[in-house]
Amino acid sequence: MSLFLTLLYVFLCNSITLSSSLSLHFPLTSLRLTTTSNSSTSSSSLQTSLASRRNPSQSSSSPPYNFRSNFKYSMALILSLPIGTPAQTQELVLDTGSQLSWIQCHRKKKKPPTTSFDPSLSSSFSNLPCSHPFCKPRIPDFTLPTTCDSNRLCHYSYFYADGTYAEGNLVKEKFTFSSTQTTPPLILGCAAESTDDRGILGMNLGRLSFISQAKISKFSYCIPTRSNRPGFTPTGSFYLGENPISRQFKYVSLLTFPQSQRMPNLDPLAYTVPLQGIRIGQKRLDIPASVFRPDAGGSGQTMVDSGSEFTHLVDVAYDKVREEIVNRVGPRMKKGYVYGETADMCFDGNNPMEIGRFIGDLAFEFGRGVEILVEKQRLLINVGGGVHCVGIGRSSMLGAASNIIGNVHQQNLWVEFDVINKRVGFSKADCSRSLP
């Protein structure tokens with residue numbers, strides 16, 4: 001179930017002019033956010049580098065920078081990033097479906113998360129007062145305005161589809177990668193109250209997203225497959241800027257929407273892709289392509305979302321997929337079982353690969369030979385208790401009218417978001433290997 005499909009936003013969007021641009025790559029952590037264990041991270045780490053690119057409005061450049069991080073993998077993508085001056089390492093969920101980035105700033109009188117940020121230790125930290133232009137409800141990118149707290153500071157509240165939330169003050173703070181490599185001060189949320197132990201790195205197309213404020217032209221990640229092997233921690237990788245193997249990527253153009261185009265069920269800031277069809281085995285399902293495109297009200301939009309675990313489909317598409325699965329392995333399905341209140345194509349037993357062989361490969365087709373292929377041997381996802389499910393849920397059970405390609409179907413795949421050229425690239429990979 002998507003943990004990061006935002007339903008309510010309560011802060012403002014304005015265009016922001018910043019003084020530098022970044023290009024770096026570093027590994028990412030992937031964890032299920034409902035997990036509360038503080039188990040140690042994997043000892044494996046990946047070397048990263050920061051290479052500068054010219055900003056059209058500035059000629060300065062940045063020297064190379066090496067960055068290493070350990071991480072675990074379950075399902076939410078967790079980055080460990082250095083924030084503030086001097087830097088404090090913060091765990092942030094990489095979320096292409098959210099705009100506002102926020103960090104944990106829990107009050108001292110309460111038990112803070114392990115990675116809670118202490119503003120008093122950072123010389124580059126500042127609060128946004130209520131008088132700040134970003135604290136005035138002028139831009140209609142969000143459904144609710146910000147408010148003033150008792151100290152006349154800009155307060156925000158952020159709610160997600162699964163009922164989780166974060167609230168606190170809007171602040172400005174730097175991402176400090178070294179003593180000489182920092183972003184300018186970026187608008188962030190500083191959460192005093194939240195239901196999760198980690199923050200969010202908002203990566204959508206909004207004005208206040210990390211990529212917009214830091215002027216990132218492209219980014220990419222490679223998510224390894226999940227593993228149930230005791231003691232084994234798969235690792236994935238994340239790039240900001242150029243990916244050295246981008247020439248291998250196959251691209252699809254994003255569907256874009258003018259800001260003035262108001263549709264109640266459309267998220268204009270999402271990475272909307274032109275999905276054309278779904279194939280199971282050699283059979284292309286009888287689903288009209290229009291089901292995957294936004295209609296007059298915005299319903300049917302198809303988004304690539306790193307913050308959602310499972311893929312979710314609108315009813316017409318979900319029913320066709322389920323019908324085909326039932327035709328192939330119906331007698332083996334777990335009757336009356338629904339995972340995460342959205343997914344009911346599940347199976348008991350310890351031989352998911354056998355079920356996968358009966359079903360066949362699953363492919364999301366974009367045309368011109370571009371597709372996301374989910375091979376049969378990894379079609380079923382272990383959800384615990386000896387149950388395995390096809391990683392697809394029904395969008396309407398989330399209260400959404402969109403198709404969402406979740407991170408479970410982005411495993412062993414480089415996914416690149418080329419913001420400047422308005423396209424998304426895919427390339428099959430073994431994401432458990434070291435960076436190229």
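**A predicted model: sheets, a crossing helix and an annotated site**

Helix α2, made up of residues 315-329, lies across strands β17 and β18, and runs at about 5° to β17. This arrangement is a convenient place to start in what is a predicted model. The two strands that the helix crosses belong to an open sheet of 4 strands, ordered β18-β17-β22-β23 and paired in the antiparallel sense. The edges of that sheet are taken by β18 (283-284) and β23 (370-374); each has a single partner strand, so one side of each is left without a neighbour in the sheet.

The sheet can be followed strand by strand. Beginning at the β18 edge, strand β17 (residues 277-280) pairs with β18 over 2 bridges, in the antiparallel sense. Within this pairing, I280 stands opposite K283 of β18. Strand β17 is also joined to β22 by 4 bridges, and these two strands run antiparallel. Here R279 is found opposite A363 in β22. The next pairing in the order, between β22 and β23, is antiparallel and holds 5 bridges. One of the positions involved is G367, whose bridge partner in β23 is V370. The hairpin formed by β22 and β23 has 2 residues between the strands, and R368 takes a positive phi near 55° there.

Strand β22 deserves a closer look. This strand covers residues 362-367, and 6 of its 6 residues are buried. How are the two faces of β22 made up? On one side are L362, F364 and F366, on the other A363, E365 and G367, and all of these residues are buried, so that both faces are covered.

Beyond helix α2, the chain passes through a loop that leads to β21 (346-348), and T342 sits in this loop. Is T342 buried or exposed? With a relative accessibility of 4%, T342 counts as buried, since the cut-off for burial is under 20%. Leaving aside residues up to four places away in sequence, T342 touches H312, Y318, G393, R394, M397 and L398.

Strand β21 itself takes part in another open sheet, this one of 3 strands in the order β21-β25-β24, again with antiparallel pairing. Strands β21 and β24 (380-384) stand at its edges; each of them has a single partner strand, so one side of each lacks a neighbour in the sheet. From one strand to the next, the twist averages 35°. Strand β25 (residues 387-390) is joined to β21 by 3 bridges, and the two run antiparallel. Among the positions in this pairing, C346 has C389 of β25 as its bridge partner.

Attention can now turn to the annotated positions. In the unreviewed UniProt entry, the annotation "active site" covers D95 and D305. These positions span 211 residues in sequence, yet no two of their C-alpha atoms are more than 6.9 Å apart, so they gather at one spot. D95 is placed in strand β6 (residues 88-95). This aspartate is buried, with a relative accessible area of 0%.

Another aspartate, D197, has its place in the loop between β12 (186-194) and β13 (199-202). D197 is partly exposed, its relative accessible area being 39%. Along the chain D197 and Q104 are 93 residues apart, and their C-alpha atoms are separated by 7.5 Å.

Seen as a whole, the protein contains 3 helices and 29 strands. Of its 436 residues, 59% count as buried. The protein exposes about 18000 Å², of which carbon and sulfur atoms supply 49%. Among contacts with a separation of 6 or more, 72% are between residues 24 or more positions apart.

Finally, a word on confidence. The pLDDT averages 80 over the protein, and 75% of the residues score at least 70. Over residues 1-23 the pLDDT stays under 50, and the model has 122 contacts for this stretch beyond four places in sequence. Residues 29-72 likewise have a pLDDT below 50, with 123 contacts in the model beyond near neighbours in sequence. Where pLDDT is low, the predicted coordinates should not be read in detail.

Key: Residues are numbered from 1 along each chain as its sequence is written. This is a predicted model: local features need pLDDT of at least 70, side-chain atom pairs count only at pLDDT 80 or more; totals for chains, interfaces and linings use all residues. Side-chain values use heavy atoms; hydrogens and water are left out. Buried means under 20% relative accessible area, exposed over 50%, partly exposed in between (1.4 Å probe, protein chains only). Contact means heavy atoms within 4.5 Å. Accessible areas come from the Shrake-Rupley method with a 1.4 Å probe; for residues, only the protein chains shown count as cover. Two strands pair if DSSP finds at least two bridges between them. Axes are lines fitted to C-alpha atoms, for helices over the stretch in contact, and angles run from 0 to 180 degrees between N-to-C directions. pLDDT is the predictor's confidence in each residue, from 0 to 100. UniProt positions are given in the numbering used here, feature names are shortened, and annotations may be inferred rather than shown by experiment.
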